[in-house]
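This briefing is intended for a reader who has the sequence and the three-dimensional model at hand. Please keep both in view while working through the points below.

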Amino acid sequence: MDVLERSMEILRAYPLCDSCLGRLFAQLGYALENAERGSAIKTLLHMKLVTEYRQGADVSGDLKSLARVHRPTRRFLASVGVAVEDSQCYICGGLTSSVERYAKDAVVQLSGVDFETFAVGTTLPREVLERESEVVKRFLISTGESIKHEINRRIGREILKLLPGKKVDKQRPNVLVRIDLVTGKVDVVRNPLLIEGVYLKLSRRVSQAKKFGDVKASLLEKLAHVRDLYGGVEHLIHVSGREDSDARMLGPGRPLVIEVKNPSRYRGLPGRYEDGDVIYIPRGFTVREEIRRLKDKAKTDIKLYRALVYSENPLTETDLAKLGELTGKTILQYTPRRIKRLSPRKRRTRMVYELAWRLVSPHVFELYIRCQGGLYVKEFIHGDGGRTTPSVAEILNTYLEVLELDVLSIE
Ligand SMILES: [Zn+2]
């Protein structure tokens with residue numbers, strides 16, 4: 001392709017500034033800014049046309065087209081008695097000439113935020129994008145860069161100059177600098193920070209997020225120090241599954257992701273936290289997709305529970321041995337009565353893989369249950385008035401009450 005010939009065709013149709021002309025050929029050359037490329041093209045066209053004019057060729061039309069957007073050509077035409085007015089760029093109307101100035105405003109807004117990575121996103125007037133696409137389509141441009149891309153890149157580079165050491169990360173920036181070129185407004189979005197880790201719950205009076213009944217604290221409250229460490233305004237926890245507030249979570253713990261909204265710090269991990277009720281062990285920063293993975297995983301996890309159970313009828317070792325029948329069984333459960341849901345008759349089936357038991361006294365026994373995640377374990381034990389079947393109570397043919405429940409491990 002002859003860049004000069006093509007550029008002349010385009011300039012006959014549209015007056016374009018250096019940036020907008022150069023951007024149509026952005027993929028040609030290396031380490032050139034679009035404005036330099038556009039200016040070089042115009043200089044070459046100018047040299048060619050002036051030479052041809054002097055040799056007597058009739059290039060006055062092309063000279064006038066070029067002169068609309070090229071000062072040396074206007075001067076040349078003026079010297080031979082032809083006056084040409086300069087024109088505004090058809091695509092950007094002059095918008096691209098000084099986008100760097102927005103960087104300063106962005107840097108002011110970023111002061112006080114301790115971040116590592118950023119990205120720039122600009123909103124352009126719709127007409128600019130429409131006119132750009134008109135030119136690209138009409139001349140079947142396949143070597144260009146979008147105006148949005150150029151502007152984001154240039155402002156990003158300017159911010160890097162002002163804040164050396166920061167990095168551009170378009171996929172997962174800590175902060176997003178938003179520039180609205182319609183209104184001239186600059187603002188900064190501080191993206192949430194996600195920290196993965198595990199927790200253990202040693203208390204039977206700690207819930208996950210909401211407080212109710214005789215719950216004395218929630219895990220969410222106990223992790224508020226993580227929000228404060230990063231100077232956030234709010235924090236959420238995303239957990240793989242859930243245990244009842246009166247159940248302990250022991251063993252290696254349960255995975256969770258803490259989300260800190262609007263942080264003003266993006267560096268440094270919190271330390272291990274322990275207060276007698278809960279233990280929190282942070283592992284590192286993570287990404288949003290991990291939360292979905294965590295929630296999906298809860299459905300397929302294998303869990304090991306320990307329960308201490310009271311039986312109304314006295315039991316013997318022989319009675320308990322019947323529980324072997326439940327090994328490898330699929331348990332059918334209707335949503336437990338204690339859980340208020342919109343669809344109270346929802347059905348679920350979960351597997352019980354293995355059971356082990358120990359008689360503590362005629363009325364109390366300990367039960368170990370290895371099962372699929374999502375099994376309502378208390379209901380599996382007491383049967384929930386027949387809403388869960390088969391159940392431990394059904395097999396033992398007695399009324400049962402779960403005195404204690406612990407999650408021992410999540411495989
Ligand atoms: Zn332009």
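The notes that follow describe a predicted model and are grouped by topic.

An unreviewed UniProt entry annotates D244 as "active site", and this residue lies in the loop between β8 (234-239) and β9 (247-261). The same kind of record, again unreviewed, places the feature "domain: THUMP" at residues 67-192. The points below take up the annotated position, the strands and helices, and several backbone details.

**The annotated position D244**

- D244 has a relative accessibility of 15%, and it therefore counts as buried, the cut-off being under 20%.
- Apart from neighbours within four places in sequence, D244 is in contact with K201, R338 and K378.
- Of these contacts, K201 belongs to strand β5, which covers residues 193-201.

**Strand β5 and its partners**

- Strand β5 is mostly covered, with 8 of its 9 residues buried.
- Strands β5 and β9 run antiparallel and are joined by 8 bridges.
- Within that pairing, G197 has L256 in β9 as its bridge partner.
- Strand β5 is also joined to strand β11 (residues 278-285) by 7 bridges, and these two strands run antiparallel.
- Here the bridge partner of I195 is F285 in β11.

**The span annotated as THUMP**

- The span of residues 67-192, taken from the UniProt record, is 39% helix and 17% strand.
- The C-alpha atoms at the two ends of this span lie 51 Å apart.

**The four-stranded open sheet**

- An open sheet of 4 strands follows the order β2-β1-β3-β4, and its pairing is mixed.
- Strands β2 (167-168) and β4 (185-190) stand at the edges with a single partner strand each, so one side of each has no neighbour in the sheet.
- Helix α6 (residues 101-110) packs on this sheet and touches β3 and β4, and its direction makes about 40 degrees with that of β4.
- Strand β3 (residues 175-180) pairs with β4 in the antiparallel sense over 6 bridges.
- In that pairing, L176 stands opposite V189 of β4.
- Helix α8 (residues 147-162) lies across β1 (117-123), β2 and β3, and runs at about 140 degrees to β1.

**Packing of helices α1 and α4**

- Helix α1 (residues 3-13) packs against helix α4 (residues 60-67) at an angle of about 75 degrees, and their axes are 9 Å apart.
- Because angles of 65 to 115 degrees count as roughly perpendicular, α1 is described as roughly perpendicular to α4.
- At this contact, M8, L11 and R12 of α1 meet D62, S65 and L66 of α4.
- The residues of the contact divide into 3 nonpolar, 1 polar and 2 charged.

**Strand β13 and its partners**

- Side chains alternate along strand β13 (residues 330-334): I331 and Q333 point to one face and are buried, whereas T330, L332 and Y334 point to the other and are not.
- Strand β13 pairs with strand β14 (residues 347-361) in the antiparallel sense over 5 bridges, and Y334 has R347 in β14 as its bridge partner.
- Strand β13 also pairs with strand β16 (residues 388-389), in the antiparallel sense and over 2 bridges.
- In this second pairing, L332 stands opposite T389 of β16.

**Backbone details**

- Most residues other than glycine have a negative phi, and most peptide bonds are trans.
- The peptide bond from T389 to P390 is cis, with omega near -10 degrees, and P390 lies in the loop between β16 and α14 (392-396).
- A31, which is not a glycine, has a positive phi of about 55 degrees.
- A31 lies in the loop between α2 (18-23) and α3 (34-54), and at 69% relative accessibility A31 counts as exposed.
- N397 also has a positive phi, near 55 degrees, in a residue other than glycine.
- N397 lies in the loop between α14 and β17 (400-410), and at 64% relative accessibility N397 counts as exposed.

**The loop position G271**

- G271 lies in the loop between β9 and β10 (273-274).
- At 48% relative accessibility, G271 counts as partly exposed.
- G271 and R283 are 12 residues apart in sequence, and their C-alpha atoms are 9.5 Å apart in space.

Note on methods. Residues are numbered from 1 along each chain as its sequence is written. This is a predicted model: local features need pLDDT of at least 70, side-chain atom pairs count only at pLDDT 80 or more; totals for chains, interfaces and linings use all residues. Side-chain values use heavy atoms; hydrogens and water are left out. UniProt positions are given in the numbering used here, feature names are shortened, and annotations may be inferred rather than shown by experiment. Buried means under 20% relative accessible area, exposed over 50%, partly exposed in between (1.4 Å probe, protein chains only). Contact means heavy atoms within 4.5 Å. Two strands pair if DSSP finds at least two bridges between them. Axes are lines fitted to C-alpha atoms, for helices over the stretch in contact, and angles run from 0 to 180 degrees between N-to-C directions. Angles under 35 degrees count as roughly parallel, over 145 as roughly antiparallel, 65 to 115 as roughly perpendicular and the rest as oblique. Ala, Val, Leu, Ile, Met, Phe, Trp, Tyr, Cys and Pro count as nonpolar, Asp, Glu, Lys and Arg as charged, and the others, Gly among them, as polar.
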